[in-house]
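Welcome, and thanks for taking a look at this one with us. Below is a short briefing on charged pairs and on nonpolar packing.

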Amino acid sequence: MKYSTKLNEFDILDLLNEYQSELRKLKHKTDFVKSKIANLEEQYNAIKKVKAGFKPAKEESPEQAEEVSKAEVSVTKKERKPYPLSDWDKFIIQTIEERGHATLSKEIYESVKQKAIEAGIFTTDDKSKAKINQCLVKLTNRREDLRKVKYKGRGFAYALPDWYDERNRLKKEHKIQ
């Protein structure tokens, strides 16, 4: 079957309508994106003012002051609530509390493994080590329930934040034994 390479009147009209429709859609998208960009730039500038300790000036309009206060609210809303501790997290913290001093990750693993076996959630050594490492990262970096302690050797020891003095040093009674 041989197709004609020439367009007839209806094909041309159809294509024109389609292209004009696409052009209208793109113009609408462009306007939408420009308004979003302007809105985000306003929010960004307001946040920068808040972070710089900006106080509304007397000549500042009420609308501008309200914008800054909205930015303050949006900055505080971004702070996430800490999610609840898992059983593994609780076992780790409990192990460190029971020992009463900064605890090596190797010691944590041995104790938590036993607790996981007793709780019926232990699967394999590899999976448990990975899970404990994930929990230690979460508890030290994201939640700050534990703090890393450097020591002469490989890896870290972990301690409770309460065990530090006002100069941010680990108290003697909680040092690694």
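Let's begin with Lys 138, which counts as buried because its relative accessibility is 12%, under the 20% cut-off. Keep in mind as you browse that this is a predicted model. Lys 138 has a charged partner, Asp 89, and the closest N and O atoms of their salt bridge are 2.6 Å apart.

**The Lys 138 and Asp 89 pair**

- Lys 138 belongs to helix α5 and Asp 89 to helix α3, so their salt bridge ties together parts that are 49 residues apart in sequence.
- Is Asp 89 buried or exposed? Asp 89 is buried, and its relative accessible area is 0%.

**Other salt bridges**

- Searching the whole structure turns up five salt bridges. As general background, side chains of opposite charge can pair when their charged atoms come close.
- Glu 98 and Lys 115 meet through their side chains in one of these salt bridges, at 3.2 Å from N to O.
- Glu 98 sits in helix α3 and Lys 115 in helix α4, so this pair ties together parts that are 17 residues apart in sequence.
- The two partners have their own accessibility values: Glu 98 counts as exposed at 52% relative accessibility, whereas Lys 115 is buried at 15%.
- Glu 22 forms a salt bridge with Lys 25, and here the closest N and O atoms are 3.9 Å apart.
- Where do Glu 22 and Lys 25 lie? They are three residues apart in helix α1 (residues 9-51), which means that about one helical turn separates them.
- Glu 22 is partly exposed, its relative accessible area being 38%.

**The largest nonpolar core**

- The largest nonpolar core holds 23 residues, and the members that touch the most others are Ile 92, Ile 96, Ile 108, Ile 132 and Leu 146.
- At least two residues of this core come from each of α3 (87-99), α4 (105-119), α5 (125-142) and β3 (157-159).
- Which element gives the most to this core? That is α3, with five residues.

**Around Leu 146**

- Leaving aside residues up to four places away in sequence, Leu 146 touches Ile 92, Ile 93 and Ile 96.
- With the same neighbours in sequence left out, the contacts of Leu 146 also include Leu 136, Leu 139 and Thr 140, as well as Tyr 158, Ala 159, Leu 160 and Pro 161.

Notes: Residues numbered from 1 in each chain as written. Predicted model: local features only at pLDDT ≥ 70, side-chain atom pairs only at ≥ 80, totals over all residues. Heavy atoms only, no water. Core = buried A, V, L, I, M, F, W, Y, C linked by side-chain atoms within 4.5 Å. Buried < 20%, exposed > 50% of the residue type's maximum accessible area, 1.4 Å probe, protein only. Helix = DSSP H or I, 4+ residues; strand = E, 2+ residues; numbered from the N terminus. Contact = heavy atoms within 4.5 Å. Salt bridge = Lys/Arg side-chain N within 4 Å of Asp/Glu carboxyl O.
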